[in-house]
Amino acid sequence: MTTFWKEQDFEVFETPGLQERMEALIKYVRPKFEALGKEYSSFFSSKTGDEFFPHVAKHLRRTINPPNDSWVAFAPYKRGYKAVPHFQIGLWESHVFIILAVIYEAPGKSQMAERLLQTNLVSSLPEDFVIAGDHMKPEATSLELLPIEEIEKLVVRLRDVKKGEFVIGRHLPRDQAVTMDEQEFEELVEQTFEELLPIYNVLARN
């Protein structure tokens, strides 16, 4: 069986030192993000009718602290993704994340949140989905554990607080990821993105 993720991919984030960690990241993880980037850009382009572009994290601004996570993001803009709702596949040392995010750089996030509040799309997602209000932290809460009022509070915070963010999707624990073959992983990613697309469509509507 060929697994997509290996232990060495996660061990990258245990490598001390900026240069050493970046070298490990470039060697082991970045080629996988490049491959995922091509595959899922086409997926989103066909699903939305907009041309999507992959953005593999380069961590160029880092001069001292090594990155604790890395990712490939997908958005219908060639120059960047942070100003718009976007999808990501990425890694922390502890898990893989497959998410949809609106982060604080997005200028229209108040209007996006207001549109999302008019729906029940988030609460109708599968219970194994997780939600968070900060893309810089690995922690997220299972929808199964959150009452609807708490979910709404997160969306309201996205609307009203300058630093408010909205991150939703699935986390795949490290020990599970390294036993999942390539096809199983691909099916999980595709299923997750299919389930997130209705939310994306509401957020991205002009």
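This report walks through the sheet, the helices lying across it and the nonpolar cores of a predicted model.

## The sheet

Let's start with the strands. Seven of them, paired antiparallel, form an open sheet, and their order reads S1-S2-S3-S4-S7-S5-S6. Its edges are strand S1 (53–56) and strand S6 (141–142), each of which pairs on one side only.

At the S6 edge, the partner is strand S5 (residues 130–132), which runs antiparallel to S6 and is joined to it by 2 bridges. If you would like a place to look, find Ile131, which stands opposite Thr141 in S6.

## Helices across the strands

Two helices are worth tracing against this sheet. Helix H4 (residues 148–160) lies across strand S4 (95–102), S5 and strand S7 (166–173), and runs at about 40° to S5. Helix H6 (residues 182–204) lies across strand S3 (86–92) as well as S4 and S7, with an angle of about 15° to S4.

## The nonpolar cores

The largest nonpolar core has 56 residues, and the members that touch the most others are Trp5, Phe87, Ile89, Val96, Ile168, Phe185 and Phe193. At least two residues of this core come from each of helix H2 (18–48), strand S2 (69–75), S3, S4, helix H3 (109–117), H4, S7 and H6. Another core, of 13 residues, lies apart from it; Ala73, Phe97, Ala101 and Ala132 are among its members.

Phe193 makes a handy starting point for exploring the contacts. Setting aside neighbours within four places in sequence, Phe193 is in contact with Tyr40, Phe43 and Phe44, and also with Phe87, Gln88, Ile89, Ile98 and Ile99.

Terms used: Residues numbered from 1 in each chain as written. Predicted model: local features only at pLDDT ≥ 70, side-chain atom pairs only at ≥ 80, totals over all residues. Heavy atoms only, no water. Pairing = 2+ DSSP bridges. Helix = DSSP H or I, 4+ residues; strand = E, 2+ residues; numbered from the N terminus. Contact = heavy atoms within 4.5 Å. Axes fitted to C-alpha atoms, helices over the stretch in contact; angles between N-to-C directions. Core = buried A, V, L, I, M, F, W, Y, C linked by side-chain atoms within 4.5 Å. Buried < 20%, exposed > 50% of the residue type's maximum accessible area, 1.4 Å probe, protein only.
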